[in-house]
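The following exercises concern one protein chain. Each task is followed by a solution in steps.

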Amino acid sequence: MTTILRNARLVIGRRILEDAWVSVSEHRIEAYGTGPKTEGVDLRGRLLAPGFIDMHVHGALGYSFGDADPAGISAIVNHHRLHGTTTLLAGIGTDLLPQMSSAAANVAAASLENLAGVFYEGPFLSVERKGAHDPNELRRPDSAELRTLIEAGAGETKLMTIAPELPGGIDAIRQIRASGTVAAVGHTDADYDVTKAAFDAGATVATHLFNGMRPIHHRDPGVIVAAMEDERVTCELITDGFHLDDAMIGYVFRAVGAHRVALITDAIEATGVGDGIYHRGTTTTVVSEGLAMLEDGSSIAGSTLTMERAVQRTVRNGGVNIVDAITSATATPARTLGIDNHAGHIAPGYLANLVLLNDDVSIEAVMSQGSWVSGRWLTQTTQP
Ligand SMILES: [Zn+2]
């Protein structure tokens, strides 16, 4: 059965197609075009964009990918999907190795349509730049341990962050790449030269740029400058108003371009729950007015963002135009993860993952693989 969505403003590549329509057949986009259509769902001139892709998210609704059971994994995925994320990687933070492996195996076994694989943030990270990671479980890269972790994802290990300055760090990046996994640099005390070596070895992502790394100094440019100036590298940004000053959002977009910025949430289990005290292993996180901090106040501990709010803030506070913000929530992460042959764009044959946005950059409806998962007014108003 084919569904036509008409009277939309379509985000196609880096431009908006006015007075446009899309046809969806089963799970996929069949075609799109411009001009009036008399049949189909009237989208009332709203903006229709590809579904968002979050390559760095840890949890929601009290659940964390690090220890969630199948019901918890579904709950996290469904919560973020209501806020526009139709593709995500399950972010597993530093923990005991067997725990990380079993978490990855659970994610791989879940095989949910919106789950694109596993992201390991740790355990081969810098103690100096640990953020909220448990320093007792951080370790030097070890090729056997690395192989165990990658294999635990059963072919679904898509992304891994490491600190390249650790002994064996550069070799670990080569090993990650050789396994078909995307390598990221983050939670690192690396200087500029080591970071460049990491990119030359195959790392293509800077994990939450600015956070968990040396700040920029004119005599010590570090990861930030090395990442921003390297065309091969995607820079993740957490645009929650806490991790970065809003002025940095526009600055990075202007400096590197939307094709090299990936908006991420880094959302933790408090997302969608609210303020309170959260315990995970030996770590206690206090969430107050949406800001998640370690109990001792030493570090921010992830965010309570959704991709909807990340895109909103990028536009409203960062001054980035809507198409660029959407590119950084869709096409850029898709290309970075190597899934841009079926996700991240509105194009024939691509998965029918779509978000409908109003002028306020708020989500009015979400379509996941051809089915509306939110957006009640659509089904109500299209009844005869
Ligand atoms: Zn982090």
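**Exercise 1. Strand pairing around β20**

Which residue in β21 does M367 stand opposite?

*Solution.* The model is a predicted one, in which local features need pLDDT of at least 70, side-chain atom pairs count only at pLDDT 80 or more, and totals for chains, interfaces and linings use all residues. Residues are numbered from 1 along each chain as its sequence is written.

Step 1. Strands (E, at least two residues) and helices (H or I, at least four residues) are DSSP runs, numbered from the N terminus. Two strands pair if DSSP finds at least two bridges between them.

Step 2. β20 and β21 pair in the antiparallel sense over 3 bridges. Opposite M367 stands W372 in β21. The hairpin of β20 and β21 has 2 residues between the strands, and Q369 takes a positive phi near 45° there.

Step 3. β20 also pairs with strand β19 (residues 354-357), in the antiparallel sense and over 4 bridges. Here M367 is the bridge partner of L354. The hairpin of β19 and β20 has 5 residues between the strands, and V361 takes a positive phi near 60°.

Step 4. A residue is buried if 20 or more other C-beta atoms, placed from the backbone, lie within 10 Å of its own. Of the 6 residues of β20, 5 are buried, so this strand is largely enclosed by the rest of the structure.

**Exercise 2. The two domains**

Determine which strand supplies the largest share of the side of domain 1 that touches domain 2.

*Solution.* Step 1. The domain assignment, whose bounds come from an automatic or database source, gives domain 1 (2-49 + 344-381) and domain 2 (52-337). Their C-alpha centres lie 29 Å apart.

Step 2. Two residues are in contact if their C-beta atoms, placed from the backbone, lie within 7 Å. The contact between the domains takes 16 residues from domain 1 and 23 residues from domain 2.

Step 3. On the side of domain 1 that touches domain 2, at least two residues each come from β2 (15-25), β20 (363-368) and β21 (371-374). The largest share, 3 residues, is that of β20.

Step 4. For the classes, Ala, Val, Leu, Ile, Met, Phe, Trp, Tyr, Cys and Pro count as nonpolar, Asp, Glu, Lys and Arg as charged, and the others, Gly among them, as polar. This side of domain 1 divides into 8 nonpolar, 6 polar and 2 charged residues.

**Exercise 3. A sheet of 3 strands**

Explain why one side of β16 and of β18 is left without a neighbour in the sheet.

*Solution.* Step 1. The open sheet has the order β16-β17-β18, with antiparallel pairing.

Step 2. β16 (276-280) and β18 (291-294) stand at the edges and each has a single partner strand, so one side of each lacks a neighbour in the sheet.

Step 3. β16 pairs with β17 (residues 283-288) over 5 bridges, and G276 stands opposite V287 in β17.

**Exercise 4. Two helices**

Describe how α8 and α9 meet.

*Solution.* Step 1. The axes (lines fitted to C-alpha atoms over the stretch in contact, with angles from 0 to 180 degrees between N-to-C directions) of α8 (residues 307-316) and α9 (residues 322-329) come within 9 Å and cross at roughly 145°.

Step 2. From α8, M307, A310, V311, T314 and V315 meet I322, A325, I326 and A329 of α9. These residues divide into 8 nonpolar, 1 polar and no charged.

Step 3. In α8, 9 of its 10 residues are buried, including E308 and R309.

How values were computed
A residue is buried if 20 or more other C-beta atoms lie within 10 Å of its own, exposed if 12 or fewer, and partly exposed in between; C-beta atoms are placed from the backbone.
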